[in-house]
Amino acid sequence: MGVTLTAPLLLRAARGEVVDRPPVWMMRQAGRYMKAYRDLREKYPSFRDRSEIPEVAIEVSLQPWRAFQPDGVILFSDIVTPLPGLGIDMDIAEGKGPIIHSPIRTQEQVNNLRSLDPEASLPFIKTILQALRQEVGNKSTVLGFVGAPWTLAAYAVEGKGSKTYSIIKNMAFSEPTTLHQLLAKLADEIAVYVRYQIDCGAQVVQMFDSWAGQLSPQDYDTFALPYQQRVFQQVKQTHPDTPLILLVSGSAGVLERMAKSGADIVTVDWAVDMADARARLGKHVKVQGNLDPGVLFGSKQFIRDRILDTVRKAGNWGHILNLGHGVLPETPEENVAFFFETAKQLNALV
Ligand code: CP3
């Protein structure tokens, strides 16, 4: 008989086991605040190269692992990475984010979208995820991620990031049939992609519905929630044991609705007090979060106090310690190091 390997901490907590301390990782933990990343970016100026050349993406994913040993190591990629495989050409512009060259605005364009064949259009994902699992073994949990239908549709329809979402809202409120077809198509293809990530080694998968917080609650119920459910239901049918996390930016008004998505874990941002989030969601819903990324500009004492406050409010079950959103590019690396050190000593501190 081989040696029985204990599952890593984050995976156990995500499955609902009682653990000694909350596992900790940081959204956007690979990226611009790290000098090692900025140096590599000079050598590989194109984001698509950095995320699609396996050796480079593996190296970037592992930079925070080597520096801080977080309990979760996330695949370095982007939510728009699968779009070319659907026939939606894209690029990621420095300082701007995703650019879609021919935005999807008509029924005909929706009809012409292809089905995702991950082996063919995303072969690098398998190489990257397998290498990450190999590298971290059972010392950390490998996370995959995808964008949710509403958020990917926002990029596909707007053609780039937006402050107002006028184009997609115009479509939602005047031509909803076309948009619903796009959302349904995206949901089915995203489910295929999540399954593929799990088959390639992702142990937990987070779905980013970053721009669903731009919808009023009634529109969230029409355009975001049903398609989050559609993805999670399809994934659970074939992969019932992989924990799934949902993030919505600016989610304070839809927190209870997020719990209806079928996600195992709901991300909470810093606009909601963690104790209030627990009270609103009920004690059976697992949570992730929720420090203000700006806290990492504070003193060490301040950072420690905020970690302790969050952990006490979250209680000792079903909590993954994280920021409420991505780490900011200007964050001092030594404060990130301090955040992880402190979080990993928590069984002694609380
Ligand atoms: O967490 C990680 O370490 C994995 C890396 C990751 C990236 N994008 C790399 C990236 C993750 C999880 C994403 C998801 C993503 N991409 C989201 C959802 C998360 C969120 O913030 O709500 C969204 C909305 C996108 C779309 C996107 N891609 C944006 C808004 C930007 C940033 C534009 C900017 O310059 O500020 C990108 C580009 C991008 N993706 C960067 C990184 C590290 C920055 C560009 C770079 O490093 O060259």
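A pocket is an open set of points, on a 1 Å grid over the protein atoms alone, where a 1.4 Å probe fits and protein lies on both sides within 12 Å along at least five of seven lines; lining residues have an atom within 4 Å of a point. A molecule sits in a pocket if more than half of its atoms lie within 2 Å of its grid points. The structure is a predicted model, in which local features need pLDDT of at least 70 and side-chain atom pairs count only at pLDDT 80 or more, while totals for chains, interfaces and linings use all residues. Residues are numbered from 1 along each chain as its sequence is written, and side-chain values use heavy atoms, with hydrogens and water left out.

**View 1. The ligand occupies the largest pocket.** Helix 2 (35–43), helix 3 (47–52) and strand 3 (97–100) are the elements that each give two or more residues to the shell around the ligand; helices (H or I, at least four residues) and strands (E, at least two) are DSSP runs numbered from the N terminus. The ligand is surrounded by 27 residues, each with a heavy atom within 4 Å of it. The closest are Arg28, Tyr37, Arg50, Asp78 and Ser210. By class, the shell holds 14 nonpolar, seven polar and six charged residues; Ala, Val, Leu, Ile, Met, Phe, Trp, Tyr, Cys and Pro count as nonpolar, Asp, Glu, Lys and Arg as charged, and the others, Gly among them, as polar.

**View 2. Polar contacts (pairs of N or O atoms within 3.5 Å) link the ligand to the protein.** A ligand nitrogen lies 2.8 Å from an N or O atom in the side chain of aspartate 78. A ligand oxygen is 3.0 Å from a side-chain N or O atom of arginine 32, and an oxygen of the ligand is 3.3 Å from a polar backbone atom of glutamine 29. The protein buries 91% of the 870 Å² that the ligand exposes when taken alone (Shrake-Rupley method, 1.4 Å probe).

**View 3. UniProt lists Arg28, Gln29, Ala30, Gly31, Arg32, Asp78, Tyr155, Ser210 and His325 under "binding site" (unreviewed entry).** Such annotations may be inferred rather than shown by experiment. These positions span 298 residues in sequence and their farthest two C-alpha atoms are 23.0 Å apart, so they do not all gather at one spot. The lining of the largest pocket nevertheless takes in Arg28, Gln29, Ala30, Gly31, Arg32, Asp78, Tyr155, Ser210 and His325 from this set.

**View 4. Backbone geometry at arginine 28 and asparagine 290.** Arginine 28 is in the loop between helix 1 and helix 2, and its phi is near 60°, a positive value in a residue other than glycine. The peptide bond from glycine 289 to asparagine 290 is cis, with omega near -10°; asparagine 290 is in strand 8 (residues 286–291).

Conventions:
A polar contact is a pair of N or O atoms within 3.5 Å; within protein, one must be able to donate a hydrogen and the other to accept it, and residues adjacent in sequence count only if both atoms are side-chain atoms.
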